[in-house]
Amino acid sequence: MSATADHAEERTLAERLGFQPEQVVQEIGYDDDVDQELREAIESVTGTELVDEDYDDVADAAVLWFRDEDGDLTDALVDATTYIEEGGAILLLTPKTGRDGYVEPSDISEAATTAGLSASKSVSVGKDWSGSRLVTPKAAKSKK
C-alpha cells in the first residue's frame, strides 16, 4: 500500500489531468507552438501516441490547442465533442495571459457552456499554456 501512496504523490501533470493508460487521445489544433513536454507526458501515461484530426474512430479524450485567432471557440469545442466517446474529456489548452493568441477566461466559460460542457478543473500546463478540463454534464454527474 505504501508504494501506491508514494506513487500518488508523484503523479505527473498528465495523470492529474485525468489521462490514463491505454487511452486514445486525439489532438486538435497542433502547431509548432504547442508544449512538447505536455504532449510527451500524455503519451507516456497513455502508452500510445496522440492521434491527429484525421483519426477515423472515436477517441477516449481530446487535447484541443486553441488560440484567439483560430476561429470560433464554441464551434471548435462542439467539433471536439464529436471526436470523443460519451463521458470523454476535452483538455482545452489556450495561451497564458500576455501571450499571442490569449483567450479570455469568460470566452472559454461561455463557449464551454454553449457547447454543453462544464469545466472541471483549470491548470497551468507550462510556461506558455493554460488548460481547462471540460466534460459533458452527463459525464460529470455519472462519476460518483
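Begin by selecting Leu93 and looking across to the neighbouring strand, where Leu93 stands opposite Gly131 in S5. What you have on screen is a predicted model, and this pair of residues is a convenient place from which to start walking through it.

Now widen the selection to the two strands around that pair, strand S3 (84–95) and strand S5 (residues 129–135), which pair with each other in the antiparallel sense over seven bridges. If you then add the remaining strands, you will see that five strands form an open sheet in the order S1-S2-S3-S5-S4, and that the pairing within this sheet is mixed. At its edges are S1 and strand S4 (118–124), each of which pairs on one side only. Turn the view slowly and compare the directions of the strands, since neighbouring strands of this sheet are turned by 20 degrees against each other on average, with direction ignored.

Next, select helix H4 (residues 73–83), which lies across S1, S2, S3 and S5 and runs at about 145 degrees to S3.

From there, move to helix H3 (residues 36–46), and colour Leu38, Arg39, Ile42, Val45 and Thr46, which are buried. Why do the buried residues line one face of the helix? Seen down the axis of H3, they fall within an arc of 130 degrees, so they line one face. The general background is that an α-helix has 3.6 residues a turn, so residues three or four places apart point the same way. On the other side of H3, select Glu37, Glu40 and Ser44, which are exposed. To find what covers the buried residues of H3, show helix H2 (13–16), strand S1 (25–28), strand S2 (59–65) and strand S3 (84–95), which are included in that cover.

Stay with this helix and look at its two ends. At the start of H3, a side-chain oxygen of Asp35 reaches to within 3.0 Å of the backbone nitrogen of Glu37, while just after H3, Gly47 takes a positive phi of about 80 degrees.

Finally, zoom out to the protein chain, whose secondary structure comes to six helices and five strands; followed from the N terminus on, these elements run α-α-β-α-β-α-β-α-β-β-α. Of its 144 residues, 39% count as buried, and the chain exposes about 8,300 Å², of which carbon and sulfur atoms supply 45%. Among the contacts in the protein chain with a separation of 6 or more, 74% are accounted for by residues 24 or more positions apart.

Conventions:
Residues numbered from 1 in each chain as written. Predicted model: local features only at pLDDT ≥ 70, side-chain atom pairs only at ≥ 80, totals over all residues. Heavy atoms only, no water. Buried < 20%, exposed > 50% of the residue type's maximum accessible area, 1.4 Å probe, protein only. Helix = DSSP H or I, 4+ residues; strand = E, 2+ residues; numbered from the N terminus. Arc of directions from axis to C-beta. Contact = heavy atoms within 4.5 Å. Polar contact = N/O pair within 3.5 Å; in protein donor to acceptor, adjacent residues only side chain to side chain. Pairing = 2+ DSSP bridges. Axes fitted to C-alpha atoms, helices over the stretch in contact; angles between N-to-C directions. Areas by Shrake-Rupley, 256 points an atom, 1.4 Å probe, with all protein chains shown as cover.
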